[in-house]
Amino acid sequence: MTALDRASIADLSARFSGVLLRPDESGYDDVRRVHNGMIDRRPALIARCLGTADMADAVNFARTHGLELAVRGGGHNVAGRAVCDGGLMLDLSLMKGIHVDPVRRTARAQGGVTWREFNRETQTHGLATTGGVISTTGIAGLTLGGGLGWLMAKYGLAMDNLLSAEIVTASGDIVRASNDENDDLFWALQGGGGNFGAVSWLEYRLHPVGTVTSGLIAHPFAQARDVLGFFREITSSGLPDDLAIFGALLHAPDGAPIAVMIACHCGPIGEAETALQRIKKFGTPIMDTIGPTTYEATNMMLDAGFPRGALNYWKSNFMMELSDQAIHALISQFAKCPSPMSGLLLEHIHGAATRVGVSETSFPHRRDGYNFLVVSEWLNPADNARNIAWARESYDVMRPCFAAGRYVNYLGDDDGEDAVAAAYGPNYQRLRVLKAKYDPTNLFHLNQNIRPA
Ligand SMILES: Cc1cc2nc3c(=O)[nH]c(=O)nc-3n(C[C@H](O)[C@H](O)[C@H](O)COP(=O)(O)OP(=O)(O)OC[C@H]3O[C@@H](n4cnc5c(N)ncnc54)[C@H](O)[C@@H]3O)c2cc1C
């Protein structure tokens, strides 16, 4: 921060509509914190932007002063790339503008909006688009990396519903990208994460989504083999697009291990009842919360398991099938799980999310299958080593069952360039060429970084 003197901050401050925070100022410590309590970084300056002009000024300021630049949308990324040590944190968390056009069925939202805030506005009009399954996640980071969620089998991934974006590029220019304008940049934004600039606005296509039928059905851990076998059977026998199901090994609120299926059917209630009957009738569940509710509530049903500030270490990989070997490995690993907050998840992907060409967007994973995710989560820093070791071991024992690809939004702080290449597969080289065009000096490198060609 030696290059950064008070005079230049004062110069930026004179134009800035938002708030500039330095380490000795009140509020700094709260704002620099992100969702994952493992991340403890101290930027030299936090620029709390109120709009696109603030963002452009802050990007220019970071570039001209040679500062590292981190962009924070919702701050949920487990790798913690939204905050840096010693550089400038471009904080969008005050940028909450949302405008819904119920006639065109579109919504424009600023880069600091979370899914909870977004759904609240769109659901007022009986509309929604695919978002994440936890409502406190930011729309920007999630969408730019892909966006898996309850509505993906019906309406595609979050980024498949992106119509346009406004972006501040590394040169400080404010550019619009869509299929009709800067279409190469738009292609890159649909999966390429925060590599191409800071996105100020995102415009989405919305769909009529009112009452959905959703919830969680839990069985004792002793039945896990049968439950996962049944989950495999139903997910590989052609689910309707209206129905998304995740399988998981989790803990009940009393800490008991359980085998669960979590489902959301976004079609008419009658059809949902028929589609979900088989799942509800399977075995002898100890809990069944599946029933009609709002999409907004569905998006919040798992929130309590992911408190801000908890310590997180995640690992994930795509899988094409759920073999007996995988089921055995899942069960034996979960039996060793050291934290009641942790779980092993299988996010099933099918339907509209898979009916897009591999290179139509920069997100290439378009086959039916599962995203396997180790969520290692705990509260006491003294337990860091064993919870991280369990996550790594769980990932390693599942390795023989993996497909080639990885999901960029779940990559961790210690996943390197190979993991980024695996996340983009056949689209990686084109992304590197576009990175060279839009960010040749790699100003935006605090992300899952695509190095300029
Ligand atoms: C509890 C939890 C639940 C999750 N659930 C899901 C899920 O259901 N589906 C799913 O697909 N993913 C899920 N994720 C992963 C999530 O998609 C990523 O963590 C995503 O990066 C979060 O976006 P964010 O804006 O909150 O994060 P941030 O940490 O703010 O940012 C993440 C990355 O995106 C960049 N970025 C953020 N905003 C912008 C912007 N406006 N312009 C340019 N770059 C930006 C950042 O620089 C950073 O590199 C979940 C994560 C957590 C912790």
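User: What makes the backbone of Gly 75 a polar contact of the ligand in this predicted model?

Analyst: A backbone N or O atom of Gly 75 sits 2.7 Å from an oxygen atom of the ligand. The cut-off for a pair of N or O atoms is 3.5 Å, so this pair counts as a polar contact.

User: Which polar side-chain atom lies 2.6 Å from an oxygen atom of the ligand?

Analyst: That one belongs to Tyr 407. As for cover, the protein hides 97% of the 940 Å² of accessible area that the ligand has on its own.

User: Which elements supply at least two residues each to the shell around the ligand?

Analyst: Strand S3 (69-72), helix H5 (139-145) and strand S10 (198-205) do. H5 gives the most, with four residues. By class, you get 17 nonpolar, 15 polar and two charged residues in the shell.

User: Okay, on to helix H13. Which of its residues are buried?

Analyst: In H13, which runs over residues 417-424, they're Ala 419, Val 420, Ala 423 and Tyr 424. Buried means under 20% relative accessible area.

User: How do you know that the buried residues of H13 line one face of the helix?

Analyst: Look down the axis of H13: its buried residues fall within an arc of 130°, so they line one face. Here's the background: an α-helix has 3.6 residues a turn, so residues three or four places apart point the same way.

User: What do the buried residues of H13 pack against?

Analyst: Helix H14 (428-438). And right after H13 comes Gly 425, with a positive phi near 45°.

Note on methods:
Residues numbered from 1 in each chain as written. Predicted model: local features only at pLDDT ≥ 70, side-chain atom pairs only at ≥ 80, totals over all residues. Heavy atoms only, no water. Polar contact = N/O pair within 3.5 Å; in protein donor to acceptor, adjacent residues only side chain to side chain. Areas by Shrake-Rupley, 256 points an atom, 1.4 Å probe, with all protein chains shown as cover. Nonpolar A, V, L, I, M, F, W, Y, C, P; charged D, E, K, R; others polar. Buried < 20%, exposed > 50% of the residue type's maximum accessible area, 1.4 Å probe, protein only. Arc of directions from axis to C-beta. Contact = heavy atoms within 4.5 Å.
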